[in-house]
Structure formats: structure tokens, C-alpha cells
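Thanks, everyone, for making the time this morning. Please have a look at the model on the screen, and then I will go through a few of its features in turn.

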Amino acid sequence: MSTTGTIPADAFSIKSPYGRRAIGLSVAAAVGGFLFGFDSSVINGAVDSIESNFDLNSVLTGFVVAVALLGCAVGAVLAGGLSDRWGRLKTMMLGAVMFLVSSIGSGLTFSVPDLIVWRVIGGIGIGIASVVAPAYIAEIAPRQIRGSLASLQQLAITLGIFAALLSDAVLANTAGGASEQLWLGLEAWRWMFLVGIVPAAVYGILAFTMPESPRYLLAKGRNDEAREIFARLVPEADLDKSVNEIRNAIDEDRKTKGASLRGPVLGLQGIVWVGIILSTFQQFVGINVIFYYSTTLWKAVGFDESNSLLISVITSVTNVVVTLIAIWLVDRVGRKPILLTGSVLMTLSLATMALAFAFAVTVDGEVSLPGAWGPVALIAANLFVVGFGASWGPLVWVLLGEIFPSRIRGKALGVAAGAQWIANFLITVSFPAMSSWSLPLTYGMYALFAALSFVYVAWRVPETKGMELEQTETLFVRKAKG
């Protein structure tokens with residue numbers, strides 16, 4: 001049997017008590033990802049009703065949908081400093097409260113300006129959660145299953161997307177349409193936002209029940225508390241070694257407390273750019289167009305509102321299933337082969353969608369796909385979701401949790417996640433205007449970015465499967481310098 005020092009390798013397997021405890025804590029932390037997924041897609045079923053209710057043009061509609069992402073970028077940048085100062089759990093609670101307030105405010109909105117404010121507040125909370133969750137998971141996860149546990153963040157995002165689209169469909173069908181009144185004199189689209197109160201409350205309650213990150217406790221001199229938590233995550237024979245490794249890493253961090261992200265590559269360290277570029281490619285392939293605007297997209301293919309919402313739910317289920325497959329494969333096959341395969345599938349499917357929409361016709365002001373092109377676009381869109389969900393969706397979160405040197409991990413994660421939100425914002429806010437101009441060119445642009453993502457991974461991203469965090473960061477730094 002292979003060993004880790006004197007500890008059997010399977011001591012950290014998913015079947016072991018230590019592995020199960022790490023999974024439990026990782027699942028609880030990843031509920032922050034569920035909030036992101038929910039917030040990302042809950043507006044899908046409401047966007048047409050908001051547009052007609054407030055008489056918005058395509059540019060303003062895109063801004064209302066995307067503005068939460070600007071808040072996410074702010075929250076992501078703030079999260080690292082807040083979690084180092086207050087601890088991981090208090091920062092998680094702050095994110096939960098902000099999302100709770102946003103859900104109530106958005107559901108009871110009376111104008112576009114106040115809806116924008118509530119969306120931004122929720123976005124800040126989501127941005128905070130998006131950084132704290134993977135950092136917490138990386139700090140409590142045994143390296144043997146770290147990739148799988150880090151992937152739980154993306155699984156939670158996909159489950160959030162599914163829950164949002166399912167609740168949208170149920171509420172709209174119950175009311176007879178998203179714009180129809182449902183309960184308490186409120187339209188169904190308002191209840192779509194109000195449902196967000198539930199996952200926000202669950203996240204906040206879980207944060208009260210979870211132990212603080214042992215690394216944070218050791219950094220604050222709370223050694224006994226840290227050892228008590230670690231004793232449940234690693235075998236007794238490995239306890240002192242694990243605690244000492246983290247303590248040494250913390251001492252090293254203190255020596256480089258003023259460590260900056262600044263470097264020779266356009267003002268930043270090369271490794272920071274690796275994180276930024278991976279995050280940007282993850283969004284520039286256009287995945288969130290599917291989850292923000294898919295109801296509108298399926299209407300173009302020829303489905304009515306009810307069936308469009310149903311297809312969006314089916315697409316989100318596909319996303320969950322393939323993410324589970326990615327979690328199973330990531331520590332077996334490795335990061336790089338999965339990313340490369342995903343890039344190929346995304347490129348082909350997006351190019352097919354671009355071709356399909358080249359044959360689109362406009363009927364009564366609505367885009368429609370004639371003949372076989374409707375089903376072709378439908379299949380291609382779902383293959384795109386498969387390609388993304390099985391690769392770039394979960395694996396970028398895995399890499400962001402393990403590539404940065406410990407002395408700058410919090411700051412670098414914040415910058416990379418912030419870049420992800422800004423890229424997401426740019427794609428989301430531009431889609432309504434770009435799609436009204438040219439859908440073939442819009443999807444063609446996403447296909448180009450998918451092709452470029454293949455080139456970048458093949459050129460710049462080494463394999464990190466099974467390595468200690470210290471090894472992975474050295475490998476990336478060396479690659480970036482070379």
C-alpha cells in the first residue's frame with residue numbers, strides 16, 4: 001500500500017472518516033457557490049417580464065441583468081482582506097446577509113434604479129462567497145482529494161443554476177406566465193427573486209455551525225482550537241506534522257507580509273496573470289449567455305415561454321451531471337487533458353451555433369430558426385454546456401485554489417475572481433445588443449475564444465494532479481518565468 005509518510009494513502013480517501021469530514025465541510029462552504037448559481041440564473045425567467053414591465057431597451061436590459069456582476073467583482077476583491085481580518089466564517093455570514101437583503105429588495109422593487117441597487121448588493125455578497133469558499137476548501141482538504149473537493153464549488157454553482165431555473169419554471173407555470181400575479185398580489189417574476197431568501201438563510205446558518213479554518217486560527221495564535229479541528233481532519237500520527245507545516249507556512253508568510261502582486265509582466269507577477277487569463281477564458285466562451293438568456297434563446301428556436309423554461313431546466317440538469325463527471329475525473333485523469341478536451345468540444349459546438357443562426361429569419365420582430373436549424377442549435381447549445389460543465393466550469397476553480405504562492409494566495413484569488421466577474425459582466429451586458437446586431441458573429445466570437453483557450457492551456461498550463469500546494473505554485477511560477 002502506498003503511504004503518505006507513515007500514513008496509508010487511503011486514510012484520506014472519500015470513504016475514510018477524515019475524507020468524509022473534509023467533504024462535509026467543503027459541501028457547507030460550497031453553498032456560497034449555490035448562491036452564485038442561483039443569482040446568475042434566477043433572472044433568466046424574469047428578464048422578459050422586467051423588460052416589458054419597465055419598458056427597457058436591449059442595452060438597459062443587458063445592464064440590469066449584468067450589473068450584479070460588477071458587485072461580484074467588488075466583493076471578490078474585498079473578500080481576501082476581510083477573511084484574513086475577520087475569519088472565513090464571519091465573511092461567509094456577511095455574504096449570506098447581503099444576498100438575503102438583495103433577494104427581498106429585488107422581489108419588491110418598484111423601479112429600475114432601485115432594482116439595480118439591490119442587484120449590486122447581492123452581487124457583492126456573491127463575490128465575497130466566491131472567494132472565501134474555495135480558499136476555505138483548499139485549507140481544510142487533504143491533497144489526495146483536494147481537486148474533487150475544490151470542484152464542489154462549481155457543482156454547487158450548477159445546482160444553484162438548476163434550482164433557480166426550476167423555481168422560475170414552476171412559478172411561471174403556476175401563475176400562467178412570469179408577468180401574471182401569483183401570491184399576495186405579486187407577479188411570478190417577483191417571487192422568482194424572493195425564493196432566494198431560502199438558500200441565503202441556509203448559507204448563513206451553516207456558517208454558524210462550521211469550524212473556522214485551522215490556518216486562520218493558527219495565524220491568530222489560537223493553536224489549541226486549530227489542533228482540535230485538525231484532529232478531525234487528519235490521523236493522529238500525522239497531526240503534529242500537518243500543524244507544523246501550516247505554522248511554518250504562516251511564519252514564512254509573515255516574513256513576506258508586504259508581499260505584493262506587482263511583478264515584471266505588465267505590472268503583475270506572471271502567476272497572477274495565469275489566474276486572470278484562465279478566469280477570463282472561462283467567461284469569454286459565453287457560458288452565462290446560456291444561463292441568463294436561454295429562455296429568450298429557446299423562443300428563437302421556436303418554443304413558447306413554458307417550454308423554453310422547461311428546456312432551460314433540462315440544460316441545467318445536464319450541467320449538474322457533467323460537473324459530477326468532472327469531479328470524478330479531475331484527480332484521476334488530471335487537469336490539463338480535461339481542459340483541452342473541453343476547449344475542443346466548446347469550439348465545435350459554438351461554431352455550429354454560429355452557423356445555425358446564420359440561417360435565422362425575423363418574423364414579427366422575433367428571431368426564428370427555420371427547418372432543421374432549430375434542433376441543430378438546440379443540440380449544439382447543450383453540447384456546449386456539456387463541454388463547459390465537464391471541464392472549464394469546475395477545473396478553473398480547482399486551479400485558482402492551488403496555483404498561487406501562499407504569501408499572495410488571498411490577494412491573487414481576489415484579483416482572479418474579480419477578473420472573472422468583470423469578464424462575465426462584459427459578456428452578459430453586451431449580449432442583448434450584439435445578438436440584435438448579429439447572432440452568428442456573436443457565437444462565432446465565443447467559438448474563437450474557446451479555440452484560444454485550447455492554445456493557452458497547451459502552451460502555458462502544466463499538470464498539477466496530486467501535487468502539494470507548494471509544488472503546484474513552484475511549477476506555475478517556473479513556467480511563467482520560462
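Let me begin with a question: in which helix does Val 344 lie? Val 344 lies in helix 16, and I should say at once that this is a predicted model, so please take everything that follows as computed from that prediction. With a relative accessibility of 39%, Val 344 counts as partly exposed, because that value falls between the 20% limit for buried residues and the 50% limit for exposed ones.

Val 344 is also part of a nonpolar surface patch, together with Leu 348, Phe 454 and Val 455, and the accessible area of these residues together is about 340 Å². The elements that contribute two or more residues to this nonpolar patch are helix 16, residues 335-357, and helix 20, residues 439-460.

Turning to helix packing, helix 4, which covers residues 88-107, packs against helix 5, residues 112-140, at an angle of about 155°, and their axes are 8 Å apart. That angle is over 145 degrees, so helix 4 is roughly antiparallel to helix 5, and the crossing of the two helices is left-handed.

Finally, the salt bridges, of which the structure holds two. In one, Arg 190 pairs with Glu 187, with 3.0 Å between the closest N and O atoms, and both Arg 190 and Glu 187 are buried. In the other, the side chains of Glu 225 and Arg 222 meet at 3.0 Å, N to O; here Glu 225 is partly exposed, with a relative accessible area of 36%, and Arg 222, at 35% relative accessibility, also counts as partly exposed.

Technical notes:
Residues numbered from 1 in each chain as written. Predicted model: local features only at pLDDT ≥ 70, side-chain atom pairs only at ≥ 80, totals over all residues. Heavy atoms only, no water. Patch = residues over 30% accessible without salt bridge, like charges linked within 9 Å, V, L, I, M, F, W, Y side chains within 5 Å. Areas by Shrake-Rupley, 256 points an atom, 1.4 Å probe, with all protein chains shown as cover. Salt bridge = Lys/Arg side-chain N within 4 Å of Asp/Glu carboxyl O. Helix = DSSP H or I, 4+ residues; strand = E, 2+ residues; numbered from the N terminus. Buried < 20%, exposed > 50% of the residue type's maximum accessible area, 1.4 Å probe, protein only. Axes fitted to C-alpha atoms, helices over the stretch in contact; angles between N-to-C directions. Parallel < 35°, antiparallel > 145°, perpendicular 65-115°, else oblique. Left-handed = near helix turned anticlockwise from the far one by under 90°.
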